[in-house]
Amino acid sequence: MKLISIFLLATCLQVSAETYAQKVSLNESNIPLQKVFETIRKQTGYQFFYADEVIASAKKVTINVKKASIEEALDVCFKDQQLAYTISENTIVVKRKIAVTAVNDPPVVTKTIVFDVEVKGKVTDEKGEALLGVTITEKGTKNSTSTNADGEFSLKTSAVNTILLVSSIGYTTQEVNVDGYATIILKAKDVKLNEIVVVGYGTTQRRNLATSISKVSDKELKDIPITSFQQALQGKVPGLQITSGNGKPGSVPFMRLRGVTSIGLNSEPVYVVDGVIVLSSEGINTSDIQSVEILKDASAQIYGVNAAAGVVLITTKRGKNNSAKLSFNSTYGITQVTKKLDVLGTDDYIKLINASKVNAGAAPLVTNTAQYAGINTNWQNEIYRSAAFKNNELQFSGGGEKSTYFLSGGYQTEEGTINPAGFKRYSVRSNQDFTFKSKLKIGSNLGFIRTESADVSDNARVNQGGVILSALSTPPLVNVINPDGTYPGNPFQALDNPVALTKGQLGTTKTTRLLSNIFAELSLPYDIKLRSSFGVDFNHRRNDYYVDPITTGNGRANNGLGNSNNSDELVWILTNTATYKKQIKNHNFDVLLGSESRKSNYSSSYISGRNFSNGVVPTLNAASQNTSFGSFRSKWAIQSFFGRVGYNYAGKYIAQASVRADGTSRFGKDKKYGTFYSVSGAWRISDENFFKQIKFVNDLKVRASYGTTGNTGGLGDFEYLGSYGLGANYPFNNTVQPGSRPDRILNENLGWEETIQSNLGVDLTILKGKVTATFDLFKRKTTDLLFSVSLPSNTGFGSARQNIGSMENKGYEFSVTTQNVQNKLINWSTTIIGSVSKNKVLSLPANINKSTFGSAGDNNGVFTLQEGEPVSSFYGFTMLGVNPTTGDIDFKDNSKDGVVTADDRLIIGNALPKFFGSVSNTIAIKGFDLNFLFDGVFGNKIFNANRLELEGMNDSKNALTTTLTRWTAPGQITNMPRAVFGDPNQNNRNSTRWIEDGSFVKLRNVTLGYTFSNLSKKLPFLEGARIYVSGRNLVTFTNYTGYDPEIGRNAGSNTEAGVDYGTYPQTKTYVLGINLNF
Amino acid sequence: MRNKIILFCTLISFVSCKKFLDVQPISEALSSNYYKSAKEAEGALSGAYDGLQPDSYYGFDMSTIGDVTSDDCTAGGDNPNNFQIDQFKCNANNVVISRFWKQLYFSIARANDVIDNVGAMNASLFVGNRQAEIIGEAKFLRALHYFNLVRVYKNVPLVLQSVKSVSPATINVPQAAQADVYNAIIADLEIAAASLPANMEDGRATKGAAYGLLAKVCLTIKNYPRAADNAQKVNLLSKYQIIPNFDNVFTVEHNAEVMFNVEYTGGDEGSPLAELLLPPPYAAFAFLKFNLPTVGIIGAYAGPDVRKATSIVNVGGSNYVYKWRNGAAFASPTNFVVLRYADVRLIEAEALNETGYPSTAALIALNAIRTRANVPTYNFITLNTKDLFRDAVLNERKLELSFEGHRWFDLVRTDRAVSTLQPLAPTENINHFTMFPIPQAERDLNNALAQNAGYN
């Protein structure tokens, strides 16, 4: 039996006592009976109950009554009908006349139907996220309710089987036929505004955000040939600068969100995986990631410790209820260096080094040129190669009624462009959710990651084994290999050639990581939810290094050399939160309270030995001499309490406040705790009535936030304590005695570094979503900077950690996305993002202000720190030109005291970019999809210290071809000074000579894919298939003369960025990929 | 109800809140809890001795400064920094000169720390006279460091207390008058001589070492009577001898001539010196070797002089310094002799000659060295003036102590540096022959430091 009832619910005001006395006035002819009922309800407040089919055959009514009683009016209506009515209190039940006779007490029966039927359900968005505050209305009535924080609702209706109207702001309203229980998926009207954004300890809809949070979803992370997810974020997040450290396989890039927030501590953001704060993002398989959210302003504050530089929230994939899906993804490709540098050939090299010696008053180095005839080795060609890139992944996800699962396995290998560099990763992930008796949800996230990588020594000069500088500076007059299989070295410096360095030494790193947590979520009455999560981040790292006793000079000298280091760190984290989410009409409340405890247990050990029995066994059991050994252990702990209150009125007025107290073991007893807070608010102007006329604006919201965060990231475990270092041993009577040395000065005043940040933002959607834009203006001021202050040696200490001075970053960032074409054939969208930020050191103690530090090759004091200037400022002399008479460089007498002295040094450039941004396009035409992204960095300077080695002309290393224009005779006008061994004039001192513009634009990613349609007809087991080609770093536009303007040495440093010194060159990668779904 | 739930929820971590954050180091010793036992005092003292070993001190740079700056050695090798030193073109950014300063002050700080703290310990913690001995050893080391500093840089800050806090007063320490530095050195050595026994474990400072160094310090400041007096106090100990075989001075560790040496045992406690000076087969690496003997020093050894074969070796047609012979890939177990009896005998000869010519005792001391070297002895007929005698002693020092890091200091203290070295680099500023610049890196951090004359 299909019985559909409509319950006409009077409004509150109408259901007041006085309305019963009201009379009915009606003057209608030939109208449906329902219409009459409706009018009577409005006039009297009486409610009508009836079954549809009961009145389906009812005749139309003509009625003309004035101030009639309800019975009089109804009598007119029912006069010719096969219907009867009964009145009970303020309810009118309509029945067939037969039915009335069949039921003894019709009103009671009808009431049973009305009040005892409960329909239940759950409302989610398209991604399966529960939606709060969705209005559920029984169709045609005012009988309604709204969903709770779990998206669940229950509504008492007149029948089990009924039609519900499901509506929520920003979603398309749906009519759902419900039979007892329904799972309802609402489709978003505007995807962007309704996307669920993961925030600290919870989620919210983008429309309700008052803070600056960027989200990158899995679709934007896929296809790109990378080994760490940060590489996929390059150019995709306003304000986030991501710099690839080097071209080594598996290398993890550096992230700087809105500039450098600290001087002496980390400026890396905090990483949170599935709600658990972790030590690093290392090893996480990009394909396992569902979304990455970046908390950019005071919104990060809720994560407390170290969140000053932002928080990166990584959410891994989960299964969906009642589904099963298997997918396979495979990519194969090649990697190459982006550029090679031009160095001198044998003839030019001999001329150079002879001139260098002669100019220094010494004898020429090479007099018998005949012995080198026919040898002209290009070392770069010898060491760089095309390398393979492979990735295979299998994902299995799904779920039943009460549980979901996601299982994945990945195997990735990347060979280095220099043998033997390489990277392998094995990753397994298992995420599970179980619902227990509807009130309790239990789940687990387990990620196991194993990486194995082989290293090539870089960022070091040739005599320290740096392969890159060796390839550039080893003379071309040496053969790669001798006929007897040995490798000849540089004859003038007895340094190994780069091929010998790559073959004769091997450094490997193996990491094992377990990232896991289990959680339980209990729903209590009054919309309170408790969540408890226990997580473990376990990291084991093992480094092995071996120099065989045959290939290299170092190996032969030591008769083999090896060392082995092991370290492991286990961090456990317990998080307990209580949340309360409630919607009362247009008022939305959201309260969070929580506590968090973290503790780390670290240990490491190392051993090194030499004098190996043979060249075959590389492990230390073959070494006959232990040269050093040791072990180390440490601990730290953090305890936090936090709370947050959010309120919004109809999504129009949004406000939030949060506070967090963090205690850390890294400070003395009076300085352990720091309390940080934030407030934010937003106003959706477009929802105001006065704004509704402006039709082309669909959404306009202004936001503001202000807050403080603390930072200890990178601080040693016990830097506030004075300590003695051990291992300063000394032999007496030929027996080594243990020794100690003063290592650190006690500083009990050491305390939190604090960042105060404010943000002003605008979110705009116009032209029916064709254009969306976000603009943010920010300011960050960091005070009490925890800086490792260099001390003069007369103190006996190299440096001391102190809270000194302050620094600020100001800037703005924007993002504009346009839907250029959107039709059935073509879908084309463009995103432009840009970021501008300016760093300034505000105050420093007198003895730190204008101090110099940092090195590049043999040059020290490369950087300075000065009030009013940005960090990472290069310091040195101003090169005027090459003196035509002497061939030496004239430097400018900036102090105008008549002599060039150390006082003439100035800031000669800065490594921080003035602007960075990107342009990306996504074009889909039928089955084809094309994505490409250009990103660029502008206005930064690079200290090209490779040229220090390769244009220094002060020793017997090979040089760049630029040295061919060097000064050779008096009167010669050139920019390249004379070659002179020992460089008596210090032509190679820190000066503008080495500073270059580091601006560049790169074609960062380009992917072309094709998705097969109708495959399932031929291959019924296959649900979908896609093939694609993808490239990375294919083109670079720059004036920089080194390998690549994206440089890594010290890029992780706040104050010493931008020095290019023998870094493993960046690479470009091309791959072919296939994706199959079953 | 709600409050109770929240309370319960957060209580789990509230409970042991204070204790939870009270984490103490495991692998470090805290300064607040150090110097509580004699063993810790000994450890700190070992650490102070450890400050002698690095390549930025007796491991290499002391030889570069003492010999490459002189007429006896050229830089060799392929390091522009050493080349600058050889050419008297050293600048304030020179890496050798910067790290040497740093190493010496770090070593001084270790000695200061021992002196300050051990003196404050309860005497009952020590056996016998050990507390005073430890302080004496540390003072000897501190005196040696300052002696080297003041001779190399002339104008140096005098820090005699361990630095406990970072304040402008402890950072911006101005340079002290040279006389004050020498007075502090002498004061330390006198205490060391008084408190140290004549015989100690190999490697430790002794009474004899303190007298010997004091003689050398006094000679440097031209206090000849006091130099002679202290040299003779060494003689009176009857502990040291000019051992018959010159080669054994360098091949036999802890021989009777050694008064103070830097101990090396190889491995972590090894010296890089021999590897830097000698080619294979004496060393492991074949790179361009450092501190090459000049034609002048090679020719200065007369025919029968046994010292030449001990001091210089010819490998493949090139001459190399040969006093340390076991390269061991930068980890040589061979000790570096800082002070030996032959040096003190020559100090005695020189000082006595200055206080009164002719001095028979001076002649005996000088001839003791000549005899062992198998070269003709002198007499007052051949050395018939005070000046000739002085020249003879200085020449003997050059031959006897070659490459041991003394030559340049001898030239400077006898005011012969300019006349001897200027011909090698006629255009250089005259100050470059007698002192090194104050490192720019230090001047950038300590604003009270003035640059030496002749440098910028």
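Across residues 1-21 of chain A, pLDDT stays under 50. The model has 39 contacts beyond four places in sequence for this stretch. Here pLDDT is the predictor's confidence in each residue, on a scale from 0 to 100. Two residues are in contact if their C-beta atoms, placed from the backbone, lie within 7 Å. A second stretch of chain A, residues 99-115, also has pLDDT under 50, and the model gives it 19 contacts beyond four places in sequence. Where pLDDT is low, the predicted coordinates should not be read in detail.

This is a predicted model, in which local features need pLDDT of at least 70 and side-chain atom pairs count only at pLDDT 80 or more, while totals for chains, interfaces and linings use all residues. Residues are numbered from 1 along each chain as its sequence is written, and chains are lettered from A and ligands numbered from 1 in the order in which they are written.

Take the confidence of each chain next. Chain A has a mean pLDDT of 86, with 94% of its residues at 70 or more. Confidence in chain A is lowest in helix 5 (residues 106-116), at a mean of 42. It is highest in strand 52 of chain A (residues 995-997), at 96. Helices (H or I, at least four residues) and strands (E, at least two) are DSSP runs, numbered from the N terminus. For chain B the mean pLDDT is 92, and 96% of the residues reach 70 or more. Residues 5-16 of chain B have pLDDT below 50, and this stretch has 18 contacts in the model beyond near neighbours in sequence. For the complex, the predictor gives an ipTM of 0.94 and a pTM of 0.78.

Now look at strands in chain A. Strand 24 (residues 403-415) and strand 25 (residues 422-436) of chain A run antiparallel and are joined by 13 bridges. Two strands pair if DSSP finds at least two bridges between them. In this pair, T413(A) stands opposite K424(A) of strand 25. A hairpin through 6 residues connects strand 24 to strand 25 of chain A. Strand 25 also has strand 26 of chain A (residues 440-455) as an antiparallel partner, with 15 bridges. There, G422(A) stands opposite A454(A) of strand 26. Strands 25 and 26 of chain A form a hairpin with 3 residues between them. In that turn, K437(A) has a positive phi of about 50°.

Another part of chain A holds an open sheet of 4 strands. Its order is 43-44-45-48, and the pairing is antiparallel. Strand 43 (851-856) and strand 48 (906-910) of chain A stand at the edges, each with a single partner strand, so one side of each has no neighbour in the sheet. Neighbouring strands of this sheet are turned by 45° against each other on average, direction ignored. For this angle, axes are lines fitted to C-alpha atoms, for helices over the stretch in contact, and angles run from 0 to 180 degrees between N-to-C directions. Strand 43 pairs with strand 44 of chain A (residues 859-865) over 5 bridges. In this pair, S855(A) has N860(A) as its bridge partner.

Turn to chain B. It has 21 helices and 7 strands. The radius of gyration of chain B is 25 Å, close to the 23 Å that the globule rule gives for 456 residues, so chain B is as compact as a globular protein of that length. This radius is taken over C-alpha atoms, and the rule is 2.2 Å times the number of residues to the power 0.38. Of the 456 residues of chain B, 56% count as buried. A residue is buried if 20 or more other C-beta atoms lie within 10 Å of its own, exposed if 12 or fewer, and partly exposed in between; C-beta atoms are placed from the backbone.

One buried residue is E133(B), in helix 7 of chain B (residues 130-153). E133(B) counts as buried because 21 C-beta neighbours lie inside 10 Å. E133(B) touches S195(B) and L196(B), not counting residues up to four places away in sequence. E133(B) and L196(B) are 63 residues apart in sequence, but 5.4 Å apart in space, C-alpha to C-alpha.

Where do the chains meet? In chain B, 81 residues are in contact with 83 residues of chain A. Helix 6 of chain B gives the largest share of its side, 10 residues. Strand 35 of chain A (residues 723-726) and strand 1 of chain B pair in the antiparallel sense over 2 bridges. Here A29(B) is the bridge partner of Y724(A).
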